[in-house]
Amino acid sequence: MRFETKIAVLIRDDLATWQRLNVCAFLVSGIAATVPELIGEPYQDGDGTKYLPMFGQPVLVFEATAETLTTAHTRADTRGLPMSIFTRELFGTGNDQDNRAAVRAVGRADLDLVGLAVHGPRNAVDKIVKGARLHP
């Protein structure tokens with residue numbers, strides 16, 4: 001099945017494995033929270049145990065250099081596509097209030113991005129992630 005939209009996550013290539021996973025989880029939560037129509041129906045196994053719903057389309061995860069992340073951020077911003085971001089400073093905070101304060105303290109051009117997630121039309125998202133490679 002071909003979807004008209006794409007969900008893409010870009011993760012910085014110099015992060016430790018635990019950081020990559022943490023960043024990815026935080027980033028996709030922003031997409032899920034703001035685009036509820038992307039969420040499918042709840043799951044249920046053969047024994048009747050119920051599970052939470054998930055995205056109804058694939059999430060493509062890419063790895064990228066710091067430069068590629070900055071370029072992707074600019075491309076998404078220029079196209080007006082909403083995105084979630086994760087900066088290096090967020091590894092040192094412990095709650096949402098401090099996370100938002102850490103991002104607010106830095107101008108857009110100086111953000112030390114370690115990840116971003118974007119959802120939008122396939123072609124636009126393809127152009128945004130150009131230069132990144134699928135995460136191994």
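The exchange below deals with the two largest pockets of a predicted model.

Modeller: In this predicted model, local features need pLDDT of at least 70 and side-chain atom pairs pLDDT 80 or more, while totals for chains, interfaces and linings use all residues. Numbering starts from 1 along each chain as its sequence is written, and side-chain values use heavy atoms, without hydrogens and water.

Biologist: What makes a set of grid points a pocket and not a cavity?

Modeller: On a 1 Å grid over the protein atoms alone, a cavity is a set of points where a 1.4 Å probe fits but cannot get out; a pocket is an open set with protein on both sides within 12 Å along at least five of seven lines.

Biologist: What is the volume of the largest pocket?

Modeller: About 210 Å³, taken as the space filled by probe spheres set on the points, which are joined across faces, edges and corners.

Biologist: Why is F26 called a lining residue of the largest pocket?

Modeller: Lining residues have an atom within 4 Å of a point; F26 is listed in that lining, so F26 meets this limit. Others there include D96, N99 and R100.

Biologist: Which element gives the largest share of that lining?

Modeller: α3, with four residues. Helices are DSSP runs of H or I, at least four residues, and strands are runs of E, at least two, numbered from the N terminus.

Biologist: How many residues does α1 give to the lining of the second largest pocket?

Modeller: Four, the most of any element. That pocket has a volume of about 170 Å³, and H119 is among its lining residues.
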